[in-house]
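These are my notebook entries from reading through one structure, kept in the order in which I looked things up.

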Amino acid sequence: SSINASTGDRNWSIELNFLASGTSAGFGLVVVSDIDGNVIAVDQNDGSKLWSTNVKGEVLSKVAIDAKVVVVKTGSGELLGLDKENGEILWSYRSKLPLLTVRGSSSPVIVDDLVYVSFDNGRLGVFELDSGFPIWDGAISYVRGASELENLIDSDSDPVVEAGVVYTTNYQGNLTLFDIAQKRAIWQSEASSFYSPLLIKGLIVLVESKSNLRSFFTKTLEESWTSDEYLNRQLSNPISFSGYTLVGDYEGYIHVIDPLNGKTIGRKKISKKPIKKIISRSKNFYAVDESFNLYSLSI
């Protein structure tokens with residue numbers, strides 16, 4: 001469905017097969033993927049179906065859309081470039097999957113005609129957008145346990161590309177920074193997270209897998225503050241809104257946190273269901289709960 005961001009009115013709706021991935025929109029397209037591995041593009045203006053391509057694998061993450069290419073990552077570790085106009089497969093790259101993975105997948109990120117993507121084997125890969133040619137890659141973290149469970153180092157969070165640096169995290173691994181010019185890792189700290197790092201007010205804010213919060217100064221990379229106030233509250237992804245850090249939790253609360261010291265300055269219960277995703281957009285932010293209720297909010 002397309003919903004008016006200001007009023008909540010429905011613009012259009014189209015019924016498809018059961019969907020497996022999130023929604024991506026851009027360059028006139030809305031792209032989703034179904035449980036049978038079909039990547040489906042519809043017109044952003046009226047919801048009419050434009051094309052569908054089967055990529056022979058389940059797609060759990062949102063695609064990345066560019067002016068010419070739609071980049072898709074499958075659950076089997078394959079990265080594909082599809083023609084934006086007709087869905088034709090232009091190129092593909094297959095990563096090596098570990099024996100055991102978390103059910104979930106990160107989305108590709110397109111910046112300056114390069115595709116940045118983190119894989120379930122705990123590595124970051126960088127590819128040419130037009131050809132899919134691999135430029136360089138690096139380890140976010142390495143396996144170091146004795147069992148498959150201990151060696152579970154999926155990266156289910158999207159890379160964050162900012163000012164020549166790629167910020168990455170993975171589960172039971174590290175927060176790792178890569179220098180794009182040097183094509184290598186330049187700093188890392190042991191961490192475990194399902195979410196992308198949040199860059200706000202000169203800080204890197206991280207929601208870890210047990211819902212404790214950590215932050216680091218972006219310039220010195222020294223730790224700024226930590227908080228276990230939300231331990232085991234199953235926090236959602238963090239966002240930046242009006243200069244604050246916002247997170248949702250399993251009881252349906254939205255929490256407002258001062259990013260400079262980690263102190264909670266406000267909270268509101270908006271749902272009886274867990275908050276699964278929050279998104280910041282201009283004057284409002286939006287939250288989706290476990291029952292797929294959509295909320296428009298402001299501070």
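I started with an open sheet of four strands, in a model that is predicted, and I wrote down its strand order as S15-S16-S17-S18, with antiparallel pairing. I then looked for the edges and found strand S15 (160-162) and strand S18 (184-191), each of which pairs on one side only. For the angle between neighbouring strands of this sheet I noted 20 degrees on average, with direction ignored.

Next I followed one pairing within the sheet, that of strand S17 (residues 173-179) with S18, which runs in the antiparallel sense over seven bridges. Looking across from S17, I saw that Leu-177 stands opposite Trp-187 in S18.

I then turned to the aromatic rings, and a search of the whole structure gave me seven aromatic pairs. One of them joins Tyr-171 and Phe-194, and since their ring centres are 5.0 Å apart and their planes stand at 15 degrees, I entered the pair as stacked. Tyr-171 sits in the loop between strand S16 (165-169) and S17, while Phe-194 sits in the loop between S18 and strand S19 (198-200), so this pair ties together parts that are 23 residues apart in sequence.

Is Phe-194 buried, exposed or partly exposed? I found a relative accessible area of 31% for Phe-194, so I noted it as partly exposed, because that class lies between the 20% limit for buried and the 50% limit for exposed.

Trp-187 came up again in an edge-to-face pair with Phe-216, with 5.4 Å centre to centre and 75 degrees between the planes. Because Trp-187 lies in strand S18 and Phe-216 in strand S21 (residues 213-217), the pair ties together parts that are 29 residues apart in sequence. Phe-216 has 3% relative accessibility and therefore counts as buried. I also noted a cluster in which ring pairs link Tyr-93, Phe-119 and Phe-127.

After that I looked up the largest nonpolar core, which has 13 residues, and listed the members that touch the most others: Val-31, Val-39, Trp-51, Val-70, Val-72 and Leu-82. Strands S4 (29-33), S5 (38-43), S8 (69-73) and S9 (78-83) each supply at least two residues of this core. When I checked Val-39 by itself, leaving out residues up to four places away in sequence, its contacts included Val-31, Trp-51, Val-72 and Leu-82.

My last entry concerns strand S28 (residues 284-289) and strand S29 (residues 294-297), which pair in the antiparallel sense over four bridges. The bridge partner of Phe-285 in S29 is Leu-297. The two strands, S28 and S29, form a hairpin with four residues between them, and in the turn I found Phe-292 with a positive phi of about 65 degrees.

Note on methods. Residues are numbered from 1 along each chain as its sequence is written. This is a predicted model: local features need pLDDT of at least 70, side-chain atom pairs count only at pLDDT 80 or more; totals for chains, interfaces and linings use all residues. Side-chain values use heavy atoms; hydrogens and water are left out. A nonpolar core is a set of buried Ala, Val, Leu, Ile, Met, Phe, Trp, Tyr and Cys residues joined through side-chain atoms within 4.5 Å. Buried means under 20% relative accessible area, exposed over 50%, partly exposed in between (1.4 Å probe, protein chains only). Contact means heavy atoms within 4.5 Å. Two strands pair if DSSP finds at least two bridges between them. Axes are lines fitted to C-alpha atoms, for helices over the stretch in contact, and angles run from 0 to 180 degrees between N-to-C directions. Rings of Phe, Tyr and Trp (its six-membered ring) pair if their centres lie within 6.5 Å; planes under 30 degrees apart count as stacked, over 60 as edge-to-face and the rest as tilted.
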